[in-house]
Amino acid sequence: MKAAVGLERMGLEQDRRISDVVRRERSRLLNFIRRRVPDPRDAEDILQDVFYALVEANRLLMPIDHVTGWLFRVARNRITDLFRKKKPERFSETAVADENEERMQMEDLLPSPDAGPEALYARTVLLEALEAAVDELPQEQRDVFVAHELEGRSFKEMAAETGVSVNTLLSRKRYAVRHLRERLQDVYDEFTKA
């Protein structure tokens, strides 16, 4: 009987410690994840996975010396897992938000060349802006972006050819897309404000 009461008390103490850790680290950990994961739903899912891992580690009596460091390491691993699972985003499928926060595809931003001289002019300006933005990219990012988007080459193929890891190539492409999004959003804003 005493052993059961002791185990119950120990379980309650462990639950309290986990609750304290969650309360203390939740905000910092969520900010850390959000800086690395663009989708807030994915960030929240990762946060929940990290705390679930803490509960599981506690249940399995795994010794964790530095809980905060452990939580951030688990978060980094979950973020890496998320990017490995996600299909690389094609620039042509990249969506941007308009003034009403509605998502639009990049092709939607380009006026039809058949819509008259003004539309043709706007399309030309946008394509020139795209070309200039691609030229601004660091060489490594540009090479990956052009190979994947314009030449349709796979990351595995590029990795085999260059000796650079697939994860590094994915990262370079992600930075390139981020830069291009920002640059083209500015040009789009100029046209929609006029």
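Student: Which side chain does D20 meet in a salt bridge?
Tutor: In this predicted model, D20 lies in helix α1, which spans residues 2–34, and its partner sits three residues away, so that about one helical turn separates the two. The side chains come to 2.7 Å, N to O, and since a salt bridge needs a nitrogen of Lys or Arg within 4 Å of a carboxyl oxygen of Asp or Glu, the pair qualifies. The partner of D20 is R23.

Student: Is R23 buried or exposed?
Tutor: A residue counts as exposed when its relative accessible area is over 50%. D20, with 26%, is partly exposed, whereas R23 has a relative accessibility of 60%. R23 is therefore exposed.

Student: Which residues are linked with D20 in a network of salt bridges?
Tutor: The bridge between D20 and R23 has been described above, and both of these residues belong to the network. The residues linked with D20 are R23 and R16.

Student: Is E25, which meets R24 in a salt bridge, buried or exposed?
Tutor: The side chains of R24 and E25 meet at 3.2 Å, N to O. The relative accessibility of E25 is 4%, and the limit for burial is under 20%, so E25 is buried.

Student: How many residues apart are R172 and E140?
Tutor: The side chains of R172 and E140 meet in a salt bridge at 3.5 Å, N to O. This pair links distant parts of the chain, with R172 in helix α8 (residues 166–193) and E140 in helix α6 (residues 139–150), and the separation is 32 residues.

Conventions
Residues are numbered from 1 along each chain as its sequence is written. This is a predicted model: local features need pLDDT of at least 70, side-chain atom pairs count only at pLDDT 80 or more; totals for chains, interfaces and linings use all residues. Side-chain values use heavy atoms; hydrogens and water are left out. Helices (H or I, at least four residues) and strands (E, at least two) are DSSP runs, numbered from the N terminus. Buried means under 20% relative accessible area, exposed over 50%, partly exposed in between (1.4 Å probe, protein chains only).
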